[in-house]
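The following exercises concern one protein model. Please study the sequence and the structure, then work through each solution in order.

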Amino acid sequence: MSLPYIFFLLALTIVERHQRLFYYILKVIYSLFILGRDLWVMVVSASPYEHMIGKPDVKYVANIHGNEAVGRELLLHLIQYLVTSYDTDPYIKWLLDNTRIHLMPSMNPDGFAISKEGQCDTIHGRHNARRYDLNRNFPDFFKVNTKQIQPETEAVKEWISKIQFVLSGSLHGGALVASYPFDNTPNAIFQTYAHSPSISPDDDVFRHLSLVYSNNHAKMSRGVSCKSGSPRFENGITNGAAWYPLTGGMQDYNYLWHGCMEITLEISCCKYPPAHELPKYWQDNKQSLIKYLAEVHRGAHGFVMDENGNPVERAAIRVKGRDVSYHTTKYGEFWRILLPGTYRVDISAEGYLPQEVEFIVIDNHPTLLNITLHSAKESGLNHSTVKILDPVTTSTTKPGNDGTIIFPED
Ligand SMILES: [Zn+2]
């Protein structure tokens with residue numbers, strides 16, 4: 001039986017059904033209202049209504065380009081898969097118990113509404129109703145973005161600013177590759193012709209995250225080009241600017257403005273394939289979609305507190321050699337996805353003495369770093385202190401023998 005393009009009807013049915021059946025993993029739908037059409041976000045988690053302190057929030061956003069339809073379908077299948085596997089699959093249970101997963105199946109419902117099933121290569125439906133490309137519409141670090149900001153973009157910006165997302169994927173179609181920051185480059189004058197990579201301070205991490213997606217995909221890592229004349233990508237990954245530079249992309253914005261590691265996932269050669277092909281796309285991507293999100297539990301995370309144990313909000317977390325600031329949440333939490341190694345991190349906040357901490361990240365076990373900042377006034381000290389911390393493994397994870405993070409045994 002072939003699946004039709006199901007979208008919201010099925011989504012709502014799933015949610016209603018499982019709110020009754022699995023009320024302890026309730027799904028929340030909230031919407032960011034746009035021009036009469038809503039941008040829907042569904043949260044799947046053991047705690048959908050509330051952030052779990054100390055546990056990360058992650059997201060997928062699909063259908064930014066309205067005619068790239070596969071991603072929005074896959075996110076619906078992902079919702080269904082997660083909620084129906086919670087009781088039977090210990091890995092999914094571990095993931096949902098320790099992560100809040102926010103899914104926006106369509107960022108561009110207006111573009112989708114005019115797109116046509118079966119059109120693989122056209123740009124009809126790519127833009128929003130006002131003919132703006134939403135993946136060229138975000139503030140840009142390298143170049144002033146002169147494009148008028150669109151309501152969809154504003155809504156997503158506000159969403160990202162309210163929730164500290166740690167990891168994210170943006171789903172597109174028209175190629176088969178995982179593309180990572182930066183999308184833009186400091187040398188953007190001849191940007192259409194430049195094909196050199198624009199390397200971010202977290203290049204190793206972004207490459208790793210991209211490989212997790214491509215290696216778990218049925219064929220992405222083979223790097224076969226979609227058709228003659230289109231590029232082939234080694235291992236199915238590429239630096240964004242090395243493919244082609246662009247201004248105003250969403251992934252650079254997530255990373256540089258909010259410390260959220262986002263990559264762009266091109267998951268279908270055909271942008272809007274016939275519905276009967278959808279089960280194949282789901283099978284190809286299912287493992288990737290899940291394993292990628294679990295990567296949020298890699299690296300270091302913890303809390304920054306003052307001497308009285310109160311959380312320090314907006315403390316800057318700067319790993320040496322990676323000149324991007326991450327900030328603590330109102331609960332003092334922070335997350336930093338890192339590969340195994342020894343790191344030094346600077347923690348600073350207004351009114352406190354800065355602190356430098358050395359720590360180790362090992363494979364599969366997140367390192368827990370709890371840091372106490374001392375008031376600059378009371379101590380009378382003006383130098384920073386250095387602490388050496390051993391990795392402290394949390395009780396929620398243990399290493400898998402295939403190099404992935406895996407659920408605990410009871
Ligand atoms: Zn796209």
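**Exercise 1.** State the mean pLDDT of the protein and locate stretches where the pLDDT is below 50.

*Solution.* The mean pLDDT (the predictor's confidence in each residue, from 0 to 100) is 86, and 81% of the residues reach 70 or more. Residues 19-26 have a pLDDT below 50, with 11 contacts in the model beyond near neighbours in sequence; two residues are in contact if their C-beta atoms, placed from the backbone, lie within 7 Å. The pLDDT is also below 50 over residues 388-410, a stretch with 46 such contacts. Where pLDDT is low, predicted coordinates should not be read in detail.

The model is predicted: local features need pLDDT of at least 70, side-chain atom pairs count only at pLDDT 80 or more, and totals for chains, interfaces and linings use all residues. Residue numbers start from 1 along each chain as its sequence is written.

**Exercise 2.** Describe how helix 2 and helix 9 pack.

*Solution.* Helix 2 covers residues 70-85 and helix 9 residues 278-294; helices are DSSP runs (H or I, at least four residues), numbered from the N terminus. Their axes (lines fitted to C-alpha atoms over the stretch in contact) are 10 Å apart, at an angle of about 65 degrees (on a scale from 0 to 180 degrees between N-to-C directions). The residues of this contact divide into 8 nonpolar, 2 polar and 2 charged; Ala, Val, Leu, Ile, Met, Phe, Trp, Tyr, Cys and Pro count as nonpolar, Asp, Glu, Lys and Arg as charged, and the others, Gly among them, as polar.

**Exercise 3.** Which strand order does the open sheet of 3 strands have?

*Solution.* The order is 12-9-15, with mixed pairing; strands are DSSP runs (E, at least two residues), and two pair if DSSP finds at least two bridges between them.
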